[in-house]
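Dear colleague,

I am passing on the structure below, together with my notes on what turned up when I went through it. Please read them with the coordinates open beside you.

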Amino acid sequence: MSTKAELACVYSALILADDDVAVTGEKIQTILKAASVDIEPYWPGLFAKALEGVNVKELITKIGSGVGAAPAAGGAAAAAAPAGGDAAPAKEEKKKEEPEEESDDDMGFGLFD
């Protein structure tokens, strides 16, 4: 049952976002009633709260950019940091994220020895 309710709320939120209408619990519920979809009454409110302050259209268009979701989110956070003020912490974080490479020489043997 929850999968049907989740999908119904997602589709309703996408319809609202496509029409440039604010995503609220009442509007999601109105679309669901018009589509004759019967779900638990708490689902529309949960989805509206989760999407509060989120640009759904931008979220959809940014999903495919980059290799994966985590690098795309990291890039967006790093891009937003200079606009917010101090850019030094973003540079430090980037340095910490780079993994250090280990060579086979450190282990005392090579692949073809």
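Ser-12 is buried, with a relative accessible area of 2%, in what is a predicted model throughout. This serine lies in helix α1, and its side chain reaches the backbone oxygen of Ala-8 at a distance of 2.8 Å. If neighbours within four places in sequence are left aside, the residues in contact with Ser-12 are Ile-28, Ile-31 and Leu-32. Two of these partners come up again below, in the account of α2.

Helix α1, which spans residues 2-18, also takes part in a feature of the surface, since it gives the most to a nonpolar patch, with four residues. The patch is formed by Leu-7, Val-10, Tyr-11, Leu-14 and Ile-60, which together have about 430 Å² of accessible area. One of them, Leu-7, is found in helix α1 and counts as partly exposed because its relative accessibility is 41%, whereas Ser-12 in that helix is buried.

As for the chain as a whole, there are six helices and zero strands, so that you will find the elements running α-α-α-α-α-α from the N terminus on. Buried residues make up 16% of the 113 residues, and the chain exposes about 8,900 Å², of which carbon and sulfur atoms supply 58%. Among the contacts between residues at least 6 apart in sequence, 50% join residues at least 24 apart.

The next helix, α2, covers residues 25-34, and within it Gly-25, Ile-28 and Leu-32 are buried. These three lie on the same side of α2, because they cover an arc of only 65 degrees around the axis. As background, an α-helix has 3.6 residues a turn, so residues three or four places apart point the same way. On the other side of α2 the exposed residues are Glu-26, Thr-30, Lys-33 and Ala-34. Of the buried residues here, Ile-28 and Leu-32 are among those in contact with Ser-12, which ties this side of the helix to the buried serine described at the start.

A similar description can be given for α3, residues 42-50, where Trp-43, Pro-44, Phe-47 and Ala-48 are buried. They too are placed on the same side of their helix, because the arc that they cover around the axis is only 130 degrees. The face of α3 turned away from this buried side carries the exposed residues Lys-49 and Ala-50.

Two residues in the loops deserve a look at their backbone angles. Asp-20, found in the loop between α1 and α2, has a positive phi of about 55 degrees although it is not a glycine. Ser-36, in the loop between α2 and α3, likewise is not a glycine and yet has a positive phi, in this case of about 60 degrees, and it takes up that angle just after α2. Ser-36 counts as exposed, because its relative accessibility of 67% is over the 50% that the term requires.

The structure holds two salt bridges. In one of them Asp-20 is paired with Lys-57, the closest N and O atoms being 2.9 Å apart. This pair links distant parts of the chain, with Asp-20 in the loop between α1 and α2 and Lys-57 in helix α4 (residues 56-62), 37 residues apart. Asp-20 is exposed, with a relative accessible area of 62%, while Lys-57, at 35% relative accessibility, counts as partly exposed. Asp-20 therefore appears twice in these notes, with its positive phi and as a partner in a salt bridge, and its relative accessible area of 62% is the reason it is called exposed.

In the other salt bridge the side chains of Lys-49 and Glu-52 meet at 3.9 Å, N to O. Both residues are exposed, and Lys-49 is the residue already named on the face of α3 turned away from the buried side.

With best regards

Terms used. Residues are numbered from 1 along each chain as its sequence is written. This is a predicted model: local features need pLDDT of at least 70, side-chain atom pairs count only at pLDDT 80 or more; totals for chains, interfaces and linings use all residues. Side-chain values use heavy atoms; hydrogens and water are left out. Patches are made of residues with over 30% relative accessible area and no salt bridge: like charges are joined within 9 Å, nonpolar side chains (Val, Leu, Ile, Met, Phe, Trp, Tyr) within 5 Å. Accessible areas come from the Shrake-Rupley method with a 1.4 Å probe; for residues, only the protein chains shown count as cover. A salt bridge is a side-chain nitrogen of Lys or Arg within 4 Å of a carboxyl oxygen of Asp or Glu. Buried means under 20% relative accessible area, exposed over 50%, partly exposed in between (1.4 Å probe, protein chains only). A polar contact is a pair of N or O atoms within 3.5 Å; within protein, one must be able to donate a hydrogen and the other to accept it, and residues adjacent in sequence count only if both atoms are side-chain atoms. Contact means heavy atoms within 4.5 Å. The arc is that of the directions from the helix axis to the C-beta atoms.
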